[in-house]
Amino acid sequence: MMENVHLAPETDEDDLYSGYNDYNPTYDTEELENDTAFQQAVKTSHGRRPPITAKIPSTAVARPVATGCGSKTSLASSMGRPMTGAIQDGVTRPMTAVRAAGFTKAALRGSAFDPLGQSRGPAPPLEARNEDSPEEKIRQLEKKVNELVEESCIANSCGDLKLALEKAKDAGRKERVLVRQREQVTSPENINLDLTYSVLFNLASQYSANEMYPEALNTYQVIVKNKMFSNAGRLKVNMGNIYLKQRNYSKAIKFYRMALDQIPSVHKEMRIKIMQNIGVTFIKTGQYSDAINSFEHIMSVAPNLKAGFNLILSYFAVGDREKMKKAFQKLIAVPLETDEDGKYISPNDDPHTNLVIEAIKNDHLRQMERERKAMAEKYIMTAAKLIAPVIETSFAVGYDWCVEVVKASQYVELANDLEINKAIMYLRQKDFNQAVETLKMFEKKDSSVKSAAATNLSLLYYLENEFSQASSYADLAVNSDRYNPSALTNKGNTVFANGDYEKAAEFYKEALRNDSSCTEALYNIGLTCKKLNRLDEALDCFLKLHAILRNSAQVLYQIANIYELMEDPNQAMEWLMQLISVVPTDSRALSKLGGLYDSEGDKSQAFQYYYESYRYFPSNIEVIEWLGAYYIDTQFCEKAIQYFERASLIQPTQVKWQLMVASCFRRSGLRFLVRLCTDIGLKEVQEYATKLKRLEKMKEIREQRTKPGRDGSGGPRGRRDGSAGSDGGQNCGAGSRGERLSAQLRALPRTEEPYDSSSNKELDASYVDPLGPQIERPRTAAKKRVDEDDFADEELGDDLLPE
């Protein structure tokens, strides 16, 4: 008994592995081969056991069991059955196995521990797949169809609609091949209807995305008419959408109603959306009463912002004031279903809580909440601006009613915006005093509203050229909100107007740092650099602005003007051509381009653009003068007459225009007479033509005489001028009168010198010109200084109320 008792060691250190080598000798199976009783039991049992039954009485007392030691021990089973090795009816009960089935001692000896059987080597290879079998071909083809459908959807989401359609068509072709192969191998019941439905639906969607509406409708019809597809009736909504895009409103309403009939009432949200589509279609057809019924039902069952806004539009169309008020109150009462902003403010200094709040402050859910709130504010503001002028006797009273309703709702902050809109309405009605008074009411409000009102006041005073008042209100706006880009821009405008361009540029740059999308500040920086003669910096600013505003005429004009100042006429002409493509009726841009072509020597192109400029603005003296000189140069004096006559109407006190008209009549007299006689067919045409040739010959001789006279000394010229003679116009040899005429002609502008329309010299009214003034075109170079003031009122200012 004591040999199995183990005393604890006296030392404090415990042996963690003590006792693991000790075992009970009863479980020793090494000596079972020498146990005679065990071997006899094994030999006589034949591996059979008597059946387990509770009716067998216990034999523990009547039948002693012999053991290997020769002793007799009476043992009983708890189930009433004989124990192992017991003798019953002359048959010894078999001995229960100690080892597990299939375990042999010989297999364990001399071998390593390998419970997973890895020593047997690798597993045999799997059976090779037969790729030529019909089932395998069908499986691969089905996989390919699914891949094509996925690729088509991905291409559509990436914006490549053409590739998406090609993939959808390819998927449709392969799916039809798949159906035929499946019908040959299996029964028609085994066809994958879900795959067929997805292929057809994707194909119809891609047709619709590519605006191939007839093909899309045909594909949808194939799906809808197939009774094997469940819930295919819902696709009639898509068909109604296509008819709506085609402006076939009657069919759109028909298909919407068919889809509404096939959708059960449990799908409440989908039914509401379909009814909303029906209401919008009724509005497009002008059936406002039917649209009102649809939207009223939606607002009574599941109110939403879009339905409420459309209901207000419908009542506005029919002119029902009271219903407009009720609909506006319903719109205000629509729940926003967003969390309060206080949720994103940390209540304590717990770092874990602060991290969580920082993480959810700008997550996708928060962005969706902002978008929903912005959409609600947009609908409410638009509805208020729409109905305020018509629901009461005046728009001011209407705005006051809307403000009171908004103040009593969850959109309290919109009341201030409505007040600012009220001031803008006063501005549209040219009532500046009321607008200023309304905006001054915000001086004692909170900082954000005060900054917006002060910004608008600054702009109003700036437009009225009251720069001191504009500067004071700009300072108030900046002090209320230093990060307001509009306030900083207006402050820069007031400094710009005082001529301090460097300081103005600082304000513009600060506004641009606060809001990189503030295009007004970027434009004004370009103008400031241009004033400071920093042409490269100005060009960079306007090129950046052109990348943002691709079709801005003012930006294109400034770029062209800077290239002209940099003496690069080719680039200037190229940008002016882009400007004309945006505003083809701008007379200033056309005349500018004509002047550049004229400076390059291309008079035909210059004439084309000057003439177009004259067509759109026939009161530009510079253009009129250039066209008149051009026709004189080209020997069409009769056409130049109309331009000089118009110039005399524009400047009636200028004597030179009447003299130009008289000169043109004199020049074109005989030539015009020859042309008329030729057109009419008179017999005198030959006589007049002979006289015209004689005069032209005289003119050539006279020009030859005057040319050496200009280079000669003053004595002979003085003698010729002082000599008197008879009518020597026909005698080219005497030439005393010709010399006198040449001296008078030299008093006129020469052909190589442009006529200066801005000259203070007046032509002598008593002067008689035998051949008419030799006028060339006016000065071709346009004003070097571009009239930025034409754009400053628009661009240097800021919008009254940003969207």
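How much area does the protein chain expose, and what share of it do carbon and sulfur atoms supply? The exposed area is about 48500 Å², and carbon and sulfur atoms supply 51% of it.

## Model and confidence

This is a predicted model. The average pLDDT of the protein chain is 76, and 70% of the residues reach a score of at least 70.

Two stretches have pLDDT under 50 throughout. One is residues 1-13, for which the model has 1 contact beyond four places in sequence. The other is residues 53-79, with 30 contacts beyond four places in sequence. Where pLDDT is low, the predicted coordinates should not be read in detail.

## Overall fold

The protein chain has 803 residues, of which 37% count as buried. Its secondary structure consists of 34 helices and 4 strands. When contacts between residues at least 6 apart in sequence are taken, 53% of them join residues at least 24 apart.

## Nonpolar cores

The largest nonpolar core contains 155 residues, and Phe328 and Val406 have the most contacts inside it. A separate core of 9 residues lies apart from it, with Leu141, Leu148, Leu178 and Leu195 among its members. In soluble globular proteins, nonpolar side chains tend to be buried together.

Residues up to four places away in sequence aside, Phe328 touches Ile312, Ile380, Ala383, Ala384 and Ile387. Phe328 also touches Trp401, Cys402, Val405 and Val406. Val406 thus appears both as a contact of Phe328 and beside Phe328 as a residue with the most contacts in the core.

## A nonpolar surface patch

Phe672, Leu676, Ile680 and Leu682 form a nonpolar patch on the surface. Together these residues have about 360 Å² of accessible area.

One of the four, Leu682, sits in the loop between α30 (655-680) and α31 (685-711). Leu682 counts as partly exposed because its relative accessibility is 38%, which falls between the 20% limit for buried and the 50% limit for exposed.

## Arg370

Arg370 belongs to helix α14, which spans residues 364-391. Is Arg370 buried or partly exposed? The relative accessible area of Arg370 is 39%, so Arg370 is partly exposed.

Outside its neighbours within four places in sequence, Arg370 is in contact with Lys361 and Asn362. Thr338 is 32 residues from Arg370 along the chain, and the C-alpha atoms of the two are separated by 8.7 Å.

Key: Residues are numbered from 1 along each chain as its sequence is written. This is a predicted model: local features need pLDDT of at least 70, side-chain atom pairs count only at pLDDT 80 or more; totals for chains, interfaces and linings use all residues. Side-chain values use heavy atoms; hydrogens and water are left out. pLDDT is the predictor's confidence in each residue, from 0 to 100. Contact means heavy atoms within 4.5 Å. A nonpolar core is a set of buried Ala, Val, Leu, Ile, Met, Phe, Trp, Tyr and Cys residues joined through side-chain atoms within 4.5 Å. Buried means under 20% relative accessible area, exposed over 50%, partly exposed in between (1.4 Å probe, protein chains only). Helices (H or I, at least four residues) and strands (E, at least two) are DSSP runs, numbered from the N terminus. Accessible areas come from the Shrake-Rupley method with a 1.4 Å probe; for residues, only the protein chains shown count as cover. Patches are made of residues with over 30% relative accessible area and no salt bridge: like charges are joined within 9 Å, nonpolar side chains (Val, Leu, Ile, Met, Phe, Trp, Tyr) within 5 Å. A salt bridge is a side-chain nitrogen of Lys or Arg within 4 Å of a carboxyl oxygen of Asp or Glu.
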